[in-house]
Amino acid sequence: MKFIIAVIKPFKLDEVREALGGIGVAGMTVTEVKGFGRQKGQTEIYRGAEYSTNMLPKVKLEIAASDDLAPQIVETIQSTAATDAIGDGKIFVLDLATATRIRTGETGETAL
């Protein structure tokens with residue numbers, strides 16, 4: 001099993017969610033987060049004054065998936081979330097040792 005963490009631009013969330021549903025992703029956790037990468041924040045003008053924000057709003061997706069489906073999930077997120085602009089985000093894939101469904105006690109891939 002794999003645990004996929006993706007950090008994307010907020011306005012891409014609905015498009016990514018629909019695309020993942022189309023390939024069979026049954027669930028995910030979505031969190032609003034702030035952060036920065038190479039872009040180091042941004043400069044904006046508010047009421048005529050320029051100010052710099054060093055933390056940009058992003059959305060973090062967390063998905064537990066079977067080993068077979070994980071590469072397709074990564075490709076779908078990458079192709080759907082891309083805007084070809086700096087700050088598009090990152091995707092991390094980690095090995096998932098175990099999963100347990102609380103309601104039934106099922107473990108492993110059947111818990112997904």
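This passage describes the fold, the sheet, the largest pocket and two loop positions of a predicted model.

The secondary structure of the protein chain consists of two helices and six strands. Along the sequence these elements follow the pattern β-α-β-β-β-β-α-β. Of the 112 residues in the protein chain, 29% are buried. Among contacts with a separation of 6 or more, 72% are between residues 24 or more positions apart.

Four strands are arranged in an open sheet, in the order β2-β5-β1-β6, and their pairing is antiparallel. The edges of the sheet are taken by β2 and β6 (89–95); each has a single partner strand, so one side of each is left without a neighbour in the sheet. On average, and with direction ignored, neighbouring strands of this sheet are turned by 20 degrees against each other. Strands of a sheet pair through backbone hydrogen bonds, and this pairing may be parallel or antiparallel.

Strand β5 can be followed through its pairings with β1 and β2. Strand β1 (residues 2–8) pairs with β5 in the antiparallel sense over seven bridges. Within this pairing, I4 stands opposite I63 in β5, and V7 has K60 of β5 as its bridge partner. Strand β2 (residues 29–35) also runs antiparallel to β5, and seven bridges join the two. Here V30 is placed opposite L61 in β5. In a regular strand, side chains alternate between the two faces of the sheet.

Both helices pack on this sheet. The sheet has the strand order β2-β5-β1-β6. Helix α1 (residues 13–22) packs on the sheet and touches β1, β2 and β5. The direction of helix α1 makes about 10 degrees with that of β5. Helix α2 (residues 70–81) likewise packs on the sheet, where its contacts are with β1, β5 and β6. The direction of helix α2 makes about 5 degrees with that of β1.

The largest pocket holds about 380 Å³ of space. Its lining is made up of 20 residues, and those nearest the pocket centre are A26, G27, A64, A65 and L112. Strand β5 (residues 56–65) supplies four residues, which is the largest share of the lining. Strand β5 is thus named both in the lining of the largest pocket and in the sheet, where β5 stands between β2 and β1 in the strand order. By class, twelve of the lining residues are nonpolar, five are polar and three are charged.

Two positions outside the helices and strands complete the description. D84 lies in the loop between α2 and β6. The phi angle of D84 is near 65 degrees, a positive value in a residue other than glycine. The relative accessibility of D84 is 80%, and since exposed means over 50%, D84 counts as exposed.

G108 lies in the segment after β6. Leaving aside residues up to four places away in sequence, G108 touches M1 and A99. G108 and S66 are 42 residues apart in sequence, and the distance between their C-alpha atoms is 9.3 Å.

Note on methods
Residues numbered from 1 in each chain as written. Predicted model: local features only at pLDDT ≥ 70, side-chain atom pairs only at ≥ 80, totals over all residues. Heavy atoms only, no water. 1 Å grid on protein atoms, 1.4 Å probe; cavity = no way out; pocket = protein on both sides within 12 Å on 5 of 7 lines; lining within 4 Å. Points joined across faces, edges and corners; volume = space filled by probe spheres on them. Nonpolar A, V, L, I, M, F, W, Y, C, P; charged D, E, K, R; others polar. Pairing = 2+ DSSP bridges. Axes fitted to C-alpha atoms, helices over the stretch in contact; angles between N-to-C directions. Contact = heavy atoms within 4.5 Å. Buried < 20%, exposed > 50% of the residue type's maximum accessible area, 1.4 Å probe, protein only.
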